[in-house]
Amino acid sequence: MSLADVKKNAQERMAKSIETLKADLAKVRTGRAHTGILDHVMVEYYGTPTALPMVANLTLVDARTIGVQPFEKKMASTIEKAIRDADLGLNPSAQGDMIRVPTPPLTEERRKEMVKLTKSEGEDAKIAVRNIRRDANEALKKMVKDKTASEDDERRASDEIQKLTDKAVADIDKLLTEKEKEILTV
């Protein structure tokens with residue numbers, strides 16, 4: 001493994017950590033309705049647990065209501081039950097072959113809880129990034145020990161990895177700030 005491989009590997013892993021954080025933040029409910037909160041709801045489809053977007057079309061009816069249109073009419077009651085059992089605090093109601101899922105407005109207390117949750121997720125992402133930095137630095141030290149890289153090269157690569165880490169942490173902070181603003185907007 002070369003110095004460039006170590007840096008590239010660290011950069012890719014940091015990018016994956018940020019993408020994971022983005023996916024986790026998308027699941028956090030804000031004041032407005034968005035279909036992302038139903039993405040991880042699992043529906044029993046012919047004996048197989050299946051993600052809701054695979055068995056129904058999700059749309060926004062208005063700012064506070066999500067419309068769920070099952071691909072098969074007989075799935076409506078199963079989907080309705082799955083949304084109710086998903087512990088999201090949502091109460092779907094069937095209207096013909098369309099299921100309407102109103103999202104209740106968040107209380108100030110609940111908004112603050114959501115902000116704490118997002119900060120916790122952000123801290124986990126920062127820890128992951130720092131662990132990646134530590135792994136990369138250990139790999140660099142091992143290369144110096146094995147005499148496959150000079151100490152100067154190791155120091156330069158270590159500085160570059162630190163810059164990657166700083167950039168990743170800044171990106172995480174930016175994502176958290178945006179999500180916090182989104183949550184606290186009434």
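Two strands pair if DSSP finds at least two bridges between them. The legends below describe close-up views of a predicted model.

**Figure 1. Strands E3 and E4 form an antiparallel pair joined by a hairpin.** Strand E3 covers residues 56-62, and six bridges join E3 to strand E4. The hairpin between E3 and E4 passes through two residues. Two of the bridge partnerships can be followed by name: Asp62 has Thr65 in E4 as its bridge partner, and Ala56 has Pro70 in E4 as its partner.

**Figure 2. The open sheet contains four strands in the order E3-E4-E6-E5.** The pairing throughout this sheet is antiparallel. Strand E3 and strand E5 (93-95) occupy the edges, and each has a single partner strand, so one side of each is left without a neighbour in the sheet. From one strand to the next, the twist averages 30 degrees. Strand E4 is joined to strand E6 (residues 98-102) by four bridges, and these two strands run antiparallel. Within this pair, Ile66 of the model stands opposite Val101 in E6.

**Figure 3. Strand E4 is mostly covered, and Thr65 lies within it.** Strand E4 spans residues 65-70, and five of its six residues are buried. Thr65 has a relative accessibility of 8% and therefore counts as buried, the cut-off for this class being under 20%. When residues up to four places away in sequence are not counted, Thr65 touches Ala33, Thr59, Leu60, Arg100, Val101 and Pro102. Thr65 is also the residue in E4 that serves as the bridge partner of Asp62.

**Figure 4. Helices H1 and H4 pack at an angle of about 170 degrees.** Two packed helices are described by the angle between their axes and the distance between the axes. Helix H1 comprises residues 3-27 and helix H4 comprises residues 108-145, with their axes 10 Å apart. That angle makes H1 roughly antiparallel to H4, because angles over 145 degrees are placed in this class. The residues of the contact of H1 with H4 comprise 14 nonpolar, three polar and five charged.

**Figure 5. Helices H4 and H5 cross at roughly 170 degrees.** The axes of H4 and H5 come within 10 Å. The crossing angle makes H4 roughly antiparallel to H5. In the contact of H4 with H5, 15 residues are nonpolar, six are polar and 10 are charged.

**Figure 6. The largest nonpolar core has 22 residues.** In soluble globular proteins, nonpolar side chains tend to be buried together. Leu140 and Ile172 touch the most other members of the largest core. Helices H1, H4 and H5 (151-184) each supply at least two residues of this core, and H5 provides the largest share, eight residues. With neighbours within four places in sequence left aside, Leu140 is in contact with Leu3, Val6, Glu154, Ala157, Ser158 and Ile161. Apart from this core lies another, of 19 residues, including Ala56, Ala76, Ile83 and Ile99. Ala56, a member of that other core, is also the residue whose bridge partner in E4 is Pro70.

Notes
Residues numbered from 1 in each chain as written. Predicted model: local features only at pLDDT ≥ 70, side-chain atom pairs only at ≥ 80, totals over all residues. Heavy atoms only, no water. Axes fitted to C-alpha atoms, helices over the stretch in contact; angles between N-to-C directions. Parallel < 35°, antiparallel > 145°, perpendicular 65-115°, else oblique. Nonpolar A, V, L, I, M, F, W, Y, C, P; charged D, E, K, R; others polar. Core = buried A, V, L, I, M, F, W, Y, C linked by side-chain atoms within 4.5 Å. Buried < 20%, exposed > 50% of the residue type's maximum accessible area, 1.4 Å probe, protein only. Contact = heavy atoms within 4.5 Å.
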